Amino acid sequence: MDQPRHSAQRKTVAPMFTPTHLDELAINIRKRSTECLDNLPRGEVFDWVDKVSIELTTQMLAVLFDFPWEDRRKLTRWSDVATTLPGAGGLVATEDERQAELMECAGYFARLWKERSSQPPKSDLLSMMAHSDATRNMDPKNFLGNLILLIVGGNDTTRNTLSGSIYALSKHPEQYRKLRENPALIDSFVPEVIRWQTP
């Protein structure tokens, strides 16, 4: 998308990512992270990617969109489908299957959009977009494109960083030991692991 529409649409969701709002979200993120980690199985093998990386990412996407909690795993599914190449044994076998799932995504969000646009504005991304002059009248393709961009951006970055950080620490136990001995290093660890494994 070209200027000036791009800037106007970007400004619509920018309040979600201001330092003040992110500080508020951090409280929710810490709470959900603690609950997720506290509920992990003890003394048995489990799938970190599914139980932590995907679950926490999905929870936060659901919060950002005020998405129905019981359907939150659809968000990561749609993100994966949007970025996959169809093929035998893959996530989807054909491009038709892929398009059908993306149309399910569009339909689901269109229903939510209709609800939000008829309600007073709230602080979730969908409500912000439904009430903004720059985004309220988007055509269906642009609407789906914006949604997929936000979903994929949130899913891939967070999920891969959570998974990559555990992988990095398992491959470099001396770094894990340093973090445990000096938790103040976590502030530099996070950007370092993002650079190292590039979500």
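In which helix does Glu-55 lie? Glu-55 lies in helix α3, and this tour will return to that residue after a view of the whole chain. The model is a predicted one.

**The whole chain**

Begin with the entire protein chain selected and shown as a cartoon. The chain holds 9 helices and 0 strands, and its elements, read from the N terminus, follow the order α-α-α-α-α-α-α-α-α. Turn the C-alpha trace along its principal axes: the spans are about 55 × 45 × 35 Å.

Next, display the surface. About 12000 Å² of the protein chain is exposed, and carbon and sulfur atoms supply 57% of that area. Of the 199 residues, 38% are buried. Colouring by charge brings up 25 positive and 27 negative side chains, and the centres of these two sets are 2 Å apart. Among the contacts with a separation of 6 or more, 56% are made by residues 24 or more positions apart.

**Helix α2**

Select residues 19–38, which form helix α2. This helix has 20 residues, which at 1.5 Å a residue should span 28 Å; the C-alpha atoms at its ends are 28 Å apart, so the model agrees with the expectation.

Now show side chains for His-21, Leu-25, Ala-26, Arg-32, Ser-33 and Cys-36, the buried residues of α2. An α-helix has 3.6 residues a turn, so residues three or four places apart point the same way. Against which helix do the buried residues of α2 pack? Their partner is α3, residues 48–65.

**Glu-55 in helix α3**

Move to α3 and select Glu-55, which belongs to this helix. Is Glu-55 buried or exposed? Its relative accessibility is 11%, below the 20% limit, and therefore Glu-55 counts as buried. Add Arg-72 to the selection: the side chains of Glu-55 and Arg-72 make a polar contact of 2.8 Å. Apart from neighbours within four places in sequence, the residues in contact with Glu-55 are Val-49, Asp-50, Arg-72 and Arg-73.

**Helix α7 and Asn-155**

Select residues 140–171 to bring up helix α7. This helix has 32 residues and reaches 45 Å from its first C-alpha to its last, close to the 46 Å expected at 1.5 Å a residue. At the start of α7, examine Asp-139: one of its side-chain oxygens comes to within 3.0 Å of the backbone nitrogen of Lys-141.

Proceed along α7 to Asn-155. With a relative accessible area of 0%, Asn-155 is buried. Which residues does Asn-155 touch, not counting those up to four places away in sequence? They are Thr-57, Leu-61, Thr-76, Ser-79, Asp-80 and Asn-160. With Asp-80 there is also a polar contact between side chains, at 3.5 Å. For a distance across the fold, pick the C-alpha atoms of Asn-155 and Ile-194; these residues are 39 apart along the chain, and the two atoms are separated by 14 Å.

**Pro-173 in helix α8**

The final stop is helix α8, residues 173–181, where Pro-173 is placed. Its relative accessibility of 48% means that Pro-173 counts as partly exposed. To close, draw a distance from the C-alpha of Pro-173 to that of Val-49: the two residues are 124 apart along the chain, and their C-alpha atoms are separated by 19 Å. Val-49 has appeared before on this tour, as one of the residues in contact with Glu-55.

Notes. Residues are numbered from 1 along each chain as its sequence is written. This is a predicted model: local features need pLDDT of at least 70, side-chain atom pairs count only at pLDDT 80 or more; totals for chains, interfaces and linings use all residues. Side-chain values use heavy atoms; hydrogens and water are left out. Helices (H or I, at least four residues) and strands (E, at least two) are DSSP runs, numbered from the N terminus. The expected span of a helix is 1.5 Å times one less than its number of residues. Buried means under 20% relative accessible area, exposed over 50%, partly exposed in between (1.4 Å probe, protein chains only). Contact means heavy atoms within 4.5 Å. Accessible areas come from the Shrake-Rupley method with a 1.4 Å probe; for residues, only the protein chains shown count as cover. Lys and Arg count as positive and Asp and Glu as negative; His and the chain ends are not counted. The place of a charge is taken as NZ of Lys, CZ of Arg, CG of Asp or CD of Glu. A polar contact is a pair of N or O atoms within 3.5 Å; within protein, one must be able to donate a hydrogen and the other to accept it, and residues adjacent in sequence count only if both atoms are side-chain atoms.
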